[in-house]
Amino acid sequence: MDRTYWDPEVETRPWGETVAWQVGHLPAYVRRLQERSLLYRDRLAGVDAEAITTVEHLAELPTTEKDDLRRGQAGPNGPLLGLQQAAPTEDVVQVITSSGTTGGPVYFGLTAADLAAWRQSIATMYFTAGVRRGTTTALSTAMPMVAGGMPYADGIRETGSTLAWIGGQTTARMASAMERLRVDTLVGTASFASFFADKVTELLGRDASTLPVRTVVGGGEPGFGQPEIRSRIQELWGANRVSEVMGLGDVCSGVWGECEAGEGMHLTAGRHVLVEIIDPATGEQRPWVEGGQGEAVYTTFTREATPVLRFRSRDHIVVTGTDCSCGRRTPRIRCIGRTDDMLIYKAMNVFPASIRDIAVAEGADLIDDVVRVRKSAADQVRFDEPIPVELQTRSAVGADVLTDLAARIEERVRQELRVRVAVEAYPPGTFDRGMYKNALTYVAEHGPQAVPLRS
């Protein structure tokens, strides 16, 4: 086994020891922020860095929001990467950006040391997910500058896998490349993996399952953690493994990766990133125990160019385990939605992703993974009437079948989530099954513009 991406001292030591080792880096890290970051200089004024000796002490420090980073880059003057920048511009060797699908994009930088850390962390994520020397991996991302672009390409190469960066071409050329290069590993979002399988079948004139793809790795949106979606993708591609991964440009493009056990994503960036779970309403820390849940908060304790302290991801995670048959002892999680995407039906909170998961589970092979919540305004949160949910079928079916399906989904949502929805089923081709982060969208009631759920 390649020890570069399987380090027993990191992967298999007790979680408490790993956290203690991470906390040991915090005093020097906080001092660097106080000295070099305009964003944190005032926030950390008066903080005794040497007194931070436990993860509980970390909870006494302020959190960082995405809007803090965005506002810090709003002005024409100041550092190239805004108030967050904590290294000289001449030391920044790469700039990446958020997708900017909700709000303007935010830019992040990497020094040479940051770039090396990212390559190692992303490679560890992909190695955990089944990407390694001897595989040929197709990267479907079309945009090199985003967190899933060049950083993913670097990480895939770092594992020793042969990189086939097929993204950014026409779908026909992408399908042709999959066949010609005998790709055995596909990287993409859940919605793209399903969409692309159908396109490959259409364009090549044979089922996608006849290609050599046996591993599908994906993230960037909810979906890969949902059993019905995983099973569908596995069947479409004839794959024997579907692994979920997750990262974010604010922190690191590769933070979590799912092992062969398939029971959740392990923390794979622990050499560089400390993760807390907090109550999204109160900010109180929550323990890493099986079944525990809350918002993931990240501290990049080795990052030089654009570090973050207690960054609120808004990702709501559930701990699926703290030990694993693979030998790793880092926690395993699933991301079940974003805390800032929570909807309120009367007095009940609900994640849109939870509605989508139930719809896909109940719809089986009848409906696409693209499920949309219709809102009267982009910022609508509260619903006093049943939440409008739009879905489309995978093939033409009779009106009676659609009526029955809608009724079954509405009842299952009511029973499992204790909210009411009003399901509207549409024929195939009604919605755009996009290429990037499009598994679940909000749509305005008066206009065609779809607003992606995740930024």
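## Sheets and cavities in a predicted model

In this structure, 12 strands build an open sheet with mixed pairing, ordered 4-3-5-6-7-8-9-14-13-12-10-11. Its edges are strand 4 (162-165) and strand 11 (285-286), each of which pairs on one side only. The model is a predicted one.

Strands of a sheet pair through backbone hydrogen bonds, in either the parallel or the antiparallel sense. Both senses occur around strand 7 (residues 241-248), as the pairings with strand 6 and strand 8 show. Strand 6 (residues 215-218) runs parallel to strand 7, and 4 bridges are found between them; within this pair, Val217 has Ser243 of strand 7 as its bridge partner. Strand 8 (residues 252-258) pairs with strand 7 in the antiparallel sense over 3 bridges, and here Met246 is matched with Trp256 of strand 8. The two strands, 7 and 8, form a hairpin with 3 residues between them. Strand 7 is also mostly covered, with 7 of its 8 residues buried.

Elsewhere in the 12-strand sheet, strand 3 (residues 136-139) pairs with strand 5 (residues 185-188) in the parallel sense. Leu139 stands opposite Val187 of strand 5.

A further open sheet has 3 strands in the order 16-15-18, again with mixed pairing. Strand 16 (348-350) and strand 18 (382-383) stand at its edges with a single partner strand each, so one side of each has no neighbour in the sheet. Strand 15 (residues 343-345) runs antiparallel to strand 16, and Leu343 has Val350 in strand 16 as its bridge partner.

The following table gathers the strand pairs described above.

| Strand pair | Sense | Bridges |
|---|---|---|
| Strand 3 and strand 5 | parallel | 3 bridges |
| Strand 6 and strand 7 | parallel | 4 bridges |
| Strand 7 and strand 8 | antiparallel | 3 bridges |
| Strand 15 and strand 16 | antiparallel | 3 bridges |

The remaining topic is enclosed space. Rolling a probe the size of a water molecule over the atoms shows where empty space is left. The count comes to 4 cavities of 30 Å³ or more, and the largest cavity holds about 70 Å³ of space. Helix 7 (residues 112-128) supplies the largest share of the lining of this cavity, with 4 residues. The residues that line the largest cavity include Asp114, Ala117, Trp118 and Ser121, together with Val251, Cys252, His272, Val273, Thr300, Thr302 and Arg303. By class, the lining comprises 5 nonpolar, 4 polar and 2 charged residues.

Notes: Residues numbered from 1 in each chain as written. Predicted model: local features only at pLDDT ≥ 70, side-chain atom pairs only at ≥ 80, totals over all residues. Heavy atoms only, no water. Pairing = 2+ DSSP bridges. Buried < 20%, exposed > 50% of the residue type's maximum accessible area, 1.4 Å probe, protein only. 1 Å grid on protein atoms, 1.4 Å probe; cavity = no way out; pocket = protein on both sides within 12 Å on 5 of 7 lines; lining within 4 Å. Points joined across faces, edges and corners; volume = space filled by probe spheres on them. Nonpolar A, V, L, I, M, F, W, Y, C, P; charged D, E, K, R; others polar.
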